[in-house]
Amino acid sequence: RVSGLYIIQEDIQSYTQNGQPFSIRVHIQKLNKNWVIGGMYGTTATGLATESGIVNPHRGATVMTISEIFSQTTIKNHEKDTVKKIEKVAITAAKVIDSVLPHREYGIDFGINQEGTPLLFEVNTTPGIIGFAQIEDKEIWRRIVELRKIQSESDETNL
């Protein structure tokens, strides 16, 4: 028996030059009623993730910086433009989702097709930041933690 509403996502061809599926995680946070990008990282599929096409650090995907992930794609020469597009879509998505399901942060996952167009996979309302901690340079992870502290302080003063 089937019940409820379902969304079926089209197959998005987001692959590195070696044919590995990859995705990009954007951590976006609301700070003083404005949405800011806390950080981004890329993941490439390994092992079981390669077979399923689901690129997730919890399923064995490898976490890397945005520059590292773009260096493995055919769109490496357009990294800055593509990142700007991703940021714009992430902020727009956060505003729309927040209007019906308010949260102070979201984890937004993207793929990028072979033409270099970012495609939104999903929006997570309780995003973890462990993937950011897996990157050797902990600067992005520290930024997200610091923004969370500022959010908490702001919440306390607005009570």
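**Strand pairing, burial and a cavity in the predicted model**

Strands β4, spanning residues 105-112, and β5, spanning residues 118-124, are paired in the antiparallel sense, with six bridges between them. The model in which this pairing is found is a predicted one. Within the pair, Phe-110 has Leu-120 of β5 as its bridge partner, and Asp-109 stands opposite Glu-122, likewise a residue of β5. The two strands form a hairpin in which five residues lie between β4 and β5, and in the turn Gly-116 adopts a positive phi of about 90°.

Strand β4 also pairs with strand β1, which covers residues 22-31; the two run antiparallel and are joined by six bridges. In this second pairing, Gln-29 is placed opposite Glu-105 of β4. Strand β4 is thus bridged to β5 and also to β1. Burial along β4 is complete, since eight of its eight residues are buried, and the strand is therefore largely enclosed by the rest of the structure. In a regular strand, the side chains alternate between the two faces of the sheet. In β4, Glu-105, Gly-107, Asp-109 and Gly-111 point one way, while Tyr-106, Ile-108, Phe-110 and Ile-112 point the other way, and the residues of both sets are all buried.

The protein as a whole contains five helices and five strands, and these elements follow one another from the N terminus in the order β-β-α-β-α-α-β-β-α-α. The protein comprises 159 residues, of which 38% count as buried. Its exposed surface amounts to about 9800 Å², and carbon and sulfur atoms supply 52% of that area. When contacts between residues at least 6 apart in sequence are considered, 56% of them join residues at least 24 apart.

Two buried residues illustrate contacts between separate parts of the chain. Gly-42 is placed in strand β2, and because its relative accessible area is 0%, under the 20% limit, Gly-42 is classed as buried. Leaving aside residues up to four places away in sequence, Gly-42 touches Ser-23, Ile-24, Thr-62, Val-63, Met-64, Thr-65, Ile-66 and Ile-69. For Ile-69, which is 27 residues from Gly-42 along the chain, the separation between the two C-alpha atoms is 5.6 Å.

The second of these residues, Ile-144, belongs to helix α5, which extends over residues 139-157. Its relative accessibility is 0%, and Ile-144 therefore counts as buried. With residues up to four places away in sequence again not counted, Ile-144 touches His-27, Gln-29, Gly-38, Gly-39, Ile-129 and Phe-132. One of these residues, Gln-29, is the residue that stands opposite Glu-105 in β4, and the contact of Ile-144 with Gln-29 accordingly links the description of helix α5 to that of the strands. Ile-144 and Ile-37 are 107 residues apart in sequence, whereas their C-alpha atoms are separated by 8.9 Å in space.

The loop between β1 and β2, the latter strand covering residues 34-44, includes Asn-32, and Lys-33 lies in this loop as well. Asn-32 has a positive phi of about 55° although it is not a glycine, and Lys-33, also not a glycine, has a positive phi of about 70°. Asn-32 counts as exposed because its relative accessibility is 56%, over the 50% limit. Lys-33 is likewise exposed, its relative accessible area being 78%. These two loop residues are thus exposed, whereas Gly-42 in strand β2 is buried.

The structure holds one cavity of 30 Å³ or more, and the volume of the largest cavity is about 40 Å³. The residues that line the largest cavity are Tyr-15, Phe-22, Thr-73, Thr-74, Ile-75, Ile-112, Asn-113 and Gln-114. By residue class, this lining divides into four nonpolar and four polar residues, with no charged residue present. Among the lining residues is Ile-112, which in β4 points the same way as Tyr-106, Ile-108 and Phe-110 and is buried. Phe-22 also contributes to the lining, and strand β1, with residues 22-31, is the strand joined to β4 by six bridges.

Note on methods: Residues are numbered from 1 along each chain as its sequence is written. This is a predicted model: local features need pLDDT of at least 70, side-chain atom pairs count only at pLDDT 80 or more; totals for chains, interfaces and linings use all residues. Side-chain values use heavy atoms; hydrogens and water are left out. Two strands pair if DSSP finds at least two bridges between them. Helices (H or I, at least four residues) and strands (E, at least two) are DSSP runs, numbered from the N terminus. On a 1 Å grid over the protein atoms alone, a cavity is a set of points where a 1.4 Å probe fits but cannot get out, and a pocket is an open set with protein on both sides within 12 Å along at least five of seven lines; lining residues have an atom within 4 Å of a point. Grid points are joined across faces, edges and corners, and a volume is the space filled by probe spheres set on the points. Ala, Val, Leu, Ile, Met, Phe, Trp, Tyr, Cys and Pro count as nonpolar, Asp, Glu, Lys and Arg as charged, and the others, Gly among them, as polar. Buried means under 20% relative accessible area, exposed over 50%, partly exposed in between (1.4 Å probe, protein chains only). Contact means heavy atoms within 4.5 Å. Accessible areas come from the Shrake-Rupley method with a 1.4 Å probe; for residues, only the protein chains shown count as cover.
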